[in-house]
Number of protein chains: 2
Amino acid sequence: MTMGNTGGRRKPPTIHDVAREAGVSRGTVSRVLNGGHYVSPAAAQAVDAAIRKTGYVVNRHARSLITGRSDSVGFLLTEPQERFFEDPNFNVLLRGCTQALAAHDVPLLLMLAGTDDERRRITRYITAGHVDGVLLVSSHSGDPVAEELRAAGVPLVACGKPIGLGSKVSYVAADDRDGARDMVRHLLALGRRRIGVVTGPLDTPGGVERLAGYKEVLREAGMEIDERLVVSGDYSRASGEAGAERLLARAPDVDAVFVASDLMAQGVLTALHRAGRRVPEDVAVGGFDDSPAAVAASPELTTIRQPWDRISTEMVRVLLAQMGGEDPAAVILPTELVKREST
Amino acid sequence: MTMGNTGGRRKPPTIHDVAREAGVSRGTVSRVLNGGHYVSPAAAQAVDAAIRKTGYVVNRHARSLITGRSDSVGFLLTEPQERFFEDPNFNVLLRGCTQALAAHDVPLLLMLAGTDDERRRITRYITAGHVDGVLLVSSHSGDPVAEELRAAGVPLVACGKPIGLGSKVSYVAADDRDGARDMVRHLLALGRRRIGVVTGPLDTPGGVERLAGYKEVLREAGMEIDERLVVSGDYSRASGEAGAERLLARAPDVDAVFVASDLMAQGVLTALHRAGRRVPEDVAVGGFDDSPAAVAASPELTTIRQPWDRISTEMVRVLLAQMGGEDPAAVILPTELVKREST
DNA sequence: TTCTCTACTGTGAACGCTCACAGAAGCATG
DNA sequence: CATGCTTCTGTGAGCGTTCACAGTAGAGAA
């Protein structure tokens, strides 16, 4: 009685059913499914109709078994997870990647390598061919997982320039150096001349590049680099606070600070406030990332926005290309200066 | 010359290779792989050794093809994605689910149903049997995707009590009502007597329950519900601000506000500050969620913490049980009052 | 000894798909 | 009229695993 297309189905239709329905052979249906080359228009139409009528969906397992591909990719996070999972930009990245892949009908598997045990299992899983490629989030220098995947020849696209991996690894990154340049130029344009910097960790490309941009612009402007104005942090809020204190102690005449992350910049604001300096009147503060911390701060932070949505789509594009046989590629995307109250 | 275990492998070892290496048959290897029943200790040991030696990893596609299971689950978000992806608690949930599943060697597929097109594709994908179960985040009343999955008999566990779905759907939720009770009791214990409330959307179970808890405690305390003290919001910061203004206009003598989300509570703080009310001296403010907004706020918010880590592990537990044939279940987990500066 | 029962093991036969190949048209060229 | 070429189609094989079944060995009971 109830045999319609709704209701609890037991056995889904196979390519066989579609072939019978369309009056063609399995091979023809398969060809239609895979691009439709070498298929007559009439047959293609019949197959399409049969697919709709039967509600056929390809069994990816059977396909994978023979093709050796899985037609899925992994999103692998080997970073200390707290840090990344608390960064809303990470969400934008994850969402962007998922959607960009979905547009290509490629499922995304989320993999978190926290413990060594997980690392091992995930490495095995990937090298066994259960995913065709990996989107990697890791700024670990010499990440063992990444290295092993690279060695196994798994298509890999890193978010941000990876350290310690050969040039064989693709990556997509924001132009950290140029972002830093923009910010420091902005501070110069405001008439500031004693510009300090709180760097990120200098064993990460981001940390290095942002510092390099800072120095470049000052040199361009004919100024000497005063090492008293350079202190380093680790992207944490606390390190920003400590950094600002050191800065104030070493160079009390500082009139602007370029901080390599918004979170640290929040700490800088706290320290400046405590020291009785007004922002931006006495000291202008520029952050980096355009995280929610930037607007949550008071005053709201001028910062550098990284194009996370474009980063994600580019990562997917590069990965799919590489899975299709193309060579690894590096993509650098421009950043944007977002002016707010702190400068 | 270079034939070691490292390096670019072409063909991964199969169950055949393991069987040959161990001197047993495919069947025996398969039995070892699937629980080891009806296998002699000697054979089991030989197989284990052979697996280690060959570096064998089961081909899940081949397995799935015959078992009909995929041994993977989907994490499905049908909510407007901006809202959830900006909520760090969502991250905790996602991470917790991923890790709990990883412990069972079950991969997680991330699925975002934003557009109708995506919704259709995902529904097809799931009902075609490409995942064995679904972790669902959706407070949509009458979510069509959820309804279709339920109808198709796909094991489903919702995060939070779902609306409009039959009792056949499992869910795991924090005890919203009890959390609200705790907060309002806390405000009463501080001596406040004119306690206002900014509710969440009243077409969600969370919104309804939190309001119910508020009313319960006041009635318990022998107080009448003054409807002037009840305003509704939609969880957004702006709606909190507007709500507080309405509250102040309608009941200027308000001395405490229970706000159904931290984000709204931030808005409430802003409005109170603007109106010249001191927090907590003049008006105590209690939030809900313990989101980062709670500590970012000034003063830091007293709030109700939902056990997101436990919610995730419970969701996974219930889902796996259901995939194993058990009946749907509902799990309600206790919340925790976190006292900070705002009360 | 013979039988039965249990514990274990090996062997096709699938699962649903793609791929290589063989073949059948249709059509122009020699 | 044969020959080649292109376009299209069907068929068998096989991907790596599990499952059902048949079978073997050893222990205990008759």
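1. Before anything else, a word on labels: helices (H or I, at least four residues) and strands (E, at least two) are DSSP runs, counted from the N terminus. With that in hand, H4(B) is the biggest contributor to the surface near DNA strand D, giving 5 residues. Bear in mind as you read on that this is a predicted model.

2. Let's stay with DNA strand D. It has 25 residues around it, and those that come nearest are Arg26(A), Ser40(A), Ile15(B), Arg26(B) and Tyr56(B). Of the strand D atoms that come within 4 Å of the protein, 60% belong to sugar and phosphate. By class, the surface near strand D splits into 12 nonpolar, 9 polar and 4 charged residues.

3. Some individual contacts on strand D are worth pulling up on screen. A polar backbone atom of Ser25(A) is 2.8 Å from a phosphate oxygen of DNA strand D. The bases are touched too: a polar side-chain atom of Arg31(A) lies 3.1 Å from a base nitrogen of strand D, and an N or O atom in the side chain of Arg26(B) is 2.7 Å from a base oxygen of strand D. As for elements, H2 and H4 of chain A plus H2 and H4 of chain B are the ones that give two or more residues to this surface.

4. Now DNA strand C. Here 25 residues surround the strand, the closest being Ile15(A), Arg26(A), Tyr56(A), Arg26(B) and Ser40(B). Sugar and phosphate make up 60% of the strand C atoms that come within 4 Å of the protein. The class count for the surface near strand C is 12 nonpolar, 9 polar and 4 charged residues.

5. The contacts to check on strand C involve both chains. Tyr56(A) puts a polar side-chain atom 2.5 Å from a phosphate oxygen of DNA strand C. From chain B, a backbone N or O atom of Ser25(B) lies 2.7 Å from a phosphate oxygen of strand C, while an N or O atom in the side chain of Arg26(B) is 2.3 Å from a base oxygen of strand C. Two or more residues of this surface come from each of helix H2 (26-33) and helix H4 (60-67) of chain A, and helix H2 (26-33) and helix H4 (60-67) of chain B. H4(A) gives the most, with 5 residues.

6. On to the protein-protein side. In this model, 39 residues of chain B are in contact with 39 residues of chain A. The two chains bury about 3,500 Å² between them, with 58% of that area on carbon and sulfur atoms.

7. What holds charged partners across this interface? Side chains of opposite charge can pair when their charged atoms come close. There are 2 salt bridges between chain B and chain A; one of them joins Asp105(A) and Arg121(B), whose closest N and O atoms are 3.5 Å apart. The interface also has 7 residue pairs in polar contact, both residues being at pLDDT 80 or more.

8. Which parts of chain B do the touching? At least two residues each come from H4, helix H5 (81-85), helix H6 (88-103), strand E2 (108-112) and helix H7 (116-130) of chain B. H7(B) has the largest share, 7 residues. By class, the side of chain B that touches chain A has 17 nonpolar, 13 polar and 9 charged residues.

9. Don't miss the strand pairing between chains. Strand E2 (residues 108-112) of chain A pairs with E2(B) in the antiparallel sense over 3 bridges. Leu108(A), for instance, has Leu110(B) as its bridge partner.

10. Within chain A, look at Arg20(A) and Asp17(A), a salt bridge with closest N and O atoms 2.9 Å apart. Because they sit 3 residues apart in helix H1 (residues 15-22) of chain A, Arg20(A) and Asp17(A) are separated by about one helical turn. Over all chains, the whole structure has 54 salt bridges.

11. Finally, a few backbone spots to inspect. Most residues other than glycine have a negative phi, and most peptide bonds are trans. Val279(A) and Pro280(A) are joined by a cis peptide bond, with omega about 10°; Pro280(A) lies in the loop between helix H12 (262-274) and strand E9 (284-286) of chain A. Another cis peptide bond joins Ser298(B) and Pro299(B), with omega about 0°, and Pro299(B) is in the loop between helix H13 (292-296) and strand E10 (303-305) of chain B. Tyr38(A) has a positive phi, near 60°, and is found in the loop between H2 and helix H3 (41-54) of chain A.

Methods:
Residues are numbered from 1 along each chain as its sequence is written. Chains are lettered from A and ligands numbered from 1 in the order in which they are written. This is a predicted model: local features need pLDDT of at least 70, side-chain atom pairs count only at pLDDT 80 or more; totals for chains, interfaces and linings use all residues. Side-chain values use heavy atoms; hydrogens and water are left out. A residue is near a molecule or strand if one of its heavy atoms lies within 4 Å of it. A polar contact is a pair of N or O atoms within 3.5 Å; within protein, one must be able to donate a hydrogen and the other to accept it, and residues adjacent in sequence count only if both atoms are side-chain atoms. Ala, Val, Leu, Ile, Met, Phe, Trp, Tyr, Cys and Pro count as nonpolar, Asp, Glu, Lys and Arg as charged, and the others, Gly among them, as polar. Contact means heavy atoms within 4.5 Å. Buried area is the accessible area (1.4 Å probe) that two parts lose on being put together, summed over both. A salt bridge is a side-chain nitrogen of Lys or Arg within 4 Å of a carboxyl oxygen of Asp or Glu. Two strands pair if DSSP finds at least two bridges between them.
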